[in-house]
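Please take a moment with the sequence and the structure below before reading on. The explanation afterwards is meant to be read alongside them, one part at a time.

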Amino acid sequence: SGEAAALSMQAYTGLSDSVRARTDDRQVGQKIWSVVLDDKSTLAEPGLRECAPDQPLAIVLDVDETTVLNLGFESDAAKGNAYSPQRWDAWERSGGADVAPVPGVVAALNDARAKGVTVIFNTNRSSANAAATAQMLDAAGLGPAVPGETLFTKGEGVHGKDGRRDVIAKHYCVIAMAGDQLGDFTDLFDDSSLSVAQRRAAVTSEAFAPLWGHGWFILPNPVYGTALKGGADDVFPADKRWSPPLAPTGGAQP
């Protein structure tokens, strides 16, 4: 929709503003903090990493529905073909020519690179298909993406992205991250023991609220993912429900 495109452009405008502010801070010698949480973080007490003065700056982005819209795959799904790992693997291996950049992303990445900031992609696409994913990103005008350097992919049996984020943060000062799901920022949000309400409360807590729009930038994904989870009881708490009053019945007629 036009609204979804506007939201994406809004997120990437914010990311560019944040990158500009942090690069200006670095130029005048101010202390900079990475937006990748440290390994001691909890939902109650998230901690950021202090960047070394000589660490190169970087931004880290998810791929699917964050930097590219998988229009070809979704058009096939719209025919009634349900998602399956096999179909998705075939899509990854295809090199994904039938994609489009998310609105706003090309300008944001070009702006970051012009300021000397490295662009890194951290995706749960398979490591076996890393070369095809790099080809897709380059063809979409979002590269360069080099597997193992500026493109980090999911190894066999590996869940979550914190391990890859940790590797990236040891080499770079990460000044912004973008994603369409909470796991694109920290695996803490993907704890399977959290209810929908607890997850929502964590995201909006005083501990995390300052990060949204200030280093962390989330985009809409109306197609799939954890944003679509939750039943009626999760969406509509018992103390926040309404029904129209019943029309009066019986009594004298005028």
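What follows is a walk through a predicted model, beginning with its sheet and moving on to the cores, the disulfide and two single residues.

A good place to begin is the open sheet, in which five strands are arranged in the order β7-β6-β3-β8-β9 with parallel pairing. Its edges are formed by β7 (151-154) and β9 (216-218), each of which pairs on one side only. From one strand to its neighbour the sheet is turned by 20° on average, if the direction of the turn is ignored.

Within this order, β3 has β6 on one side and β8 on the other, and its pairing can be followed in both directions. With β8 the strand β3 shares five bridges in the parallel sense, and with β6, which also runs parallel to it, β3 shares four bridges. Ala58 shows both connections in a single residue, since its bridge partner in β8 is Val174, while its bridge partner in β6 is Thr118. Further along the sheet, β8 and β9 run parallel and are joined by three bridges, and here Ala178 has Phe217 of β9 as its bridge partner.

How many of the residues of β3 are buried? Five of its five residues are buried, and the strand is accordingly described as mostly covered. The covering concerns both faces, with Leu57, Ile59 and Leu61 buried on one side and Ala58 and Val60 buried on the other.

From the strand one can pass to the nonpolar interior. In soluble globular proteins, nonpolar side chains tend to be buried together. In this model the largest nonpolar core has 36 residues, of which Tyr12, Ile59, Phe121 and Leu137 touch the most other members. At least two residues of this core come from each of α1 (2-27), β3 (57-61), α3 (85-93), α4 (105-114), β6 (118-126), α5 (130-139) and β8 (173-179). Apart from this core lies another one, of 20 residues, including Phe152, Met177, Leu211 and Trp216.

Tyr12 deserves a closer look, with its neighbours within four places in sequence left aside. Its contacts then include Leu61, Thr66 and Thr67, the run of Val102, Pro103, Gly104 and Val105, and also Ala108, Ala178 and Leu219.

The model also contains one disulfide, and a disulfide is a covalent bond between the sulfur atoms of two cysteines. Here the bond joins Cys51 to Cys173, with an S to S distance of 2.1 Å. It links distant parts of the chain, as Cys51 is in the loop between β2 (48-50) and β3, whereas Cys173 is in strand β8, 122 residues apart. Because the torsion about the S-S bond is about 80°, the disulfide is right-handed. Cys51 counts as buried because its relative accessible area is 8%, and Cys173 is likewise buried, at 0% relative accessibility.

Two further residues complete the tour. Asn70 is in the loop between β4 (68-69) and α2 (71-77), and because its relative accessible area is 0%, Asn70 is buried. Leaving out residues up to four places away in sequence, Asn70 touches Asp64, Glu65, Trp88, Trp91, Asp98, Val99, Arg125 and Tyr224.

Is Ala77, which lies in helix α2, buried or partly exposed? Ala77 counts as partly exposed, because its relative accessibility is 24% and the limit for buried is under 20%. Between the C-alpha atoms of Ala77 and Arg87, which are ten residues apart along the chain, the separation is 9.8 Å.

Methods: Residues are numbered from 1 along each chain as its sequence is written. This is a predicted model: local features need pLDDT of at least 70, side-chain atom pairs count only at pLDDT 80 or more; totals for chains, interfaces and linings use all residues. Side-chain values use heavy atoms; hydrogens and water are left out. A nonpolar core is a set of buried Ala, Val, Leu, Ile, Met, Phe, Trp, Tyr and Cys residues joined through side-chain atoms within 4.5 Å. Buried means under 20% relative accessible area, exposed over 50%, partly exposed in between (1.4 Å probe, protein chains only). Contact means heavy atoms within 4.5 Å. Two strands pair if DSSP finds at least two bridges between them. A disulfide is a pair of cysteine sulfur atoms within 2.5 Å. Axes are lines fitted to C-alpha atoms, for helices over the stretch in contact, and angles run from 0 to 180 degrees between N-to-C directions.
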